[in-house]
Amino acid sequence: MRKSSAALATLALASVALTGCAAGPSFDGAACDRAASSSGIEDLANITGDVGSKPDVELFTPIGGQSSTFGDVVVGSGPALTSSTQSAVFEFSLFSGETGEPVAATAYDEDRAQLASVGYWAQTVPAFGNALECATEGSRVLAVVSPEDFGAQNLSSFGLEADEPVVAVFDVVRTFPSRAEGALQYNDASGMPTVVRAPDGRPGIIVPDGDAPIELEVQTLIKGDGPTVAEDDTLLVNYTGVTWNDREVFDSSWDRGAATFDLANLIPGFTQGLTGQTVGSQVLIVVPPELGYGEQGSGAVPANATLVFVVDILGIDPPASSQQ
């Protein structure tokens, strides 16, 4: 089930809505090349401690900050951040580039971890987003941000001077995929919707002519090799839902980032369709009204609607997603 979490009370950066995603081993359509974009600023600080634990940071101040730059202190061997909406767990420490004094930090506590994305950090401070693009799980990234790029409002919020550069240390503790990653499966069931995929994995759902099934129908389109989903698990998923009759999308996570769902609190058809599936899978679920929203409907879903979902299962028991 979901672990407890706490807001980053010490941080004054504002959360915003995010859009967009990227394809394959790239970031927003461009090839990932950390070596070409990293500046080699690691010599500006002595940073020790394991990734994911609060680092000991000695900055060789004052640090000039006329332009923003970054470097990798530790390069992790895990999956890379290849999409602006891809979910990850970051730990974060902020310092004055003038004095070296700490300004703010996350909890460095697994039970209080939060999901965020490169897009979240890019919207708060664009230089942070640049520093995290294509970083790999297990990495520790050092970023120097100019006063101009950090922004007058953020400087004031942290009690820093208008001309004071900022130094950030990011740990990429855990990354989640943005799409299903498994083996394509053959399904021969006639009368079922067809799913097409964009290069970034976003599904398009083609509902056939004809009557909707009267019972729950489930097809595994991509078979992942991760853990098996239990009916009381909390999942991280990307999903799209359409109504059979209207053929209209009534909800999708692809524009805003992956969603965290407690299966015990969902409509029965969604829970039954995902139980027993594996992480990394993409699942097509056709939900009859009695296992969906029934005679009442809900929001954009009309009464007595048959629902069609395509769900990419990205992880089990993720941290809370309040930053996303």
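## Overall picture

Of the 324 residues of the protein chain, what percentage count as buried? The share that counts as buried is 52%. Please keep in mind as you read that this is a predicted model.

The protein chain has 6 helices and 19 strands. Contacts over long stretches of sequence are well represented: among those between residues at least 6 apart in sequence, 78% join residues at least 24 apart. On the outside, the chain exposes about 14400 Å², and carbon and sulfur atoms supply 46% of that area.

## How far to trust the model

The average pLDDT of the protein chain is 88, and 88% of the residues score at least 70. Residues 1–25 are a part to treat with care, with a pLDDT below 50. This stretch still has 81 contacts in the model beyond near neighbours in sequence. Where pLDDT is low, the predicted coordinates should not be read in detail.

## A buried salt bridge between two strands

Side chains of opposite charge can pair when their charged atoms come close. The count of salt bridges in this model comes to 4, and three of them are described here, beginning with Arg140 and Asp171. The closest N and O atoms of this pair are 2.7 Å apart. Arg140 lies in strand β9 (residues 140–145) and Asp171 in strand β10 (residues 166–175), so the salt bridge ties together parts that are 31 residues apart in sequence.

Are these two charged residues buried or exposed? Arg140 has a relative accessible area of 1% and is buried. Asp171 is buried as well, at 0% relative accessibility. Both values fall under the 20% cut-off for buried residues.

## Two salt bridges between loops

Asp255 and Arg202 form another salt bridge, with an N to O distance of 3.1 Å. Asp255 lies in the loop between β16 (249–252) and β17 (259–262), while Arg202 lies in the loop between β12 (194–197) and β13 (203–206), so this pair ties together parts that are 53 residues apart in sequence. Asp255 is partly exposed at 43% relative accessibility, and Arg202 is partly exposed at 26%.

The side chains of Asp209 and Arg247 also meet in a salt bridge, with 3.4 Å from N to O. Here Asp209 lies in the loop between β13 and β14 (217–223) and Arg247 in the loop between β15 (234–243) and β16, so the pair ties together parts that are 38 residues apart in sequence. Asp209 is exposed, with a relative accessible area of 75%, whereas Arg247 is partly exposed at 37%.

## Backbone details in the loops

Arg247 deserves a second look for its backbone. Its phi is positive, about 55°, although Arg247 is not a glycine. Which other residue has a positive phi, near 60°, without being a glycine? That residue is Asn304. Asn304 lies in the loop between β18 (282–287) and β19 (307–316), and with a relative accessible area of 47% Asn304 is partly exposed.

A cis peptide bond is also present, joining Thr61 and Pro62 with an omega of about -5°. Pro62 is found in the loop between β4 (56–59) and β5 (69–74).

## Ser178 and Asp72

Where is Ser178 placed? Ser178 sits in the loop between β10 and β11 (183–184). At 13% relative accessibility, Ser178 counts as buried. Leaving aside residues up to four places away in sequence, Ser178 touches Ser83, Gln86, Asn238, Trp254 and Leu314.

Asp72 has its place in strand β5 and counts as buried at 16% relative accessibility. Asp72 and Ala135 are 63 residues apart in sequence, and their C-alpha atoms are 8.5 Å apart in space.

Terms used. Residues are numbered from 1 along each chain as its sequence is written. This is a predicted model: local features need pLDDT of at least 70, side-chain atom pairs count only at pLDDT 80 or more; totals for chains, interfaces and linings use all residues. Side-chain values use heavy atoms; hydrogens and water are left out. Helices (H or I, at least four residues) and strands (E, at least two) are DSSP runs, numbered from the N terminus. Buried means under 20% relative accessible area, exposed over 50%, partly exposed in between (1.4 Å probe, protein chains only). Contact means heavy atoms within 4.5 Å. Accessible areas come from the Shrake-Rupley method with a 1.4 Å probe; for residues, only the protein chains shown count as cover. pLDDT is the predictor's confidence in each residue, from 0 to 100.
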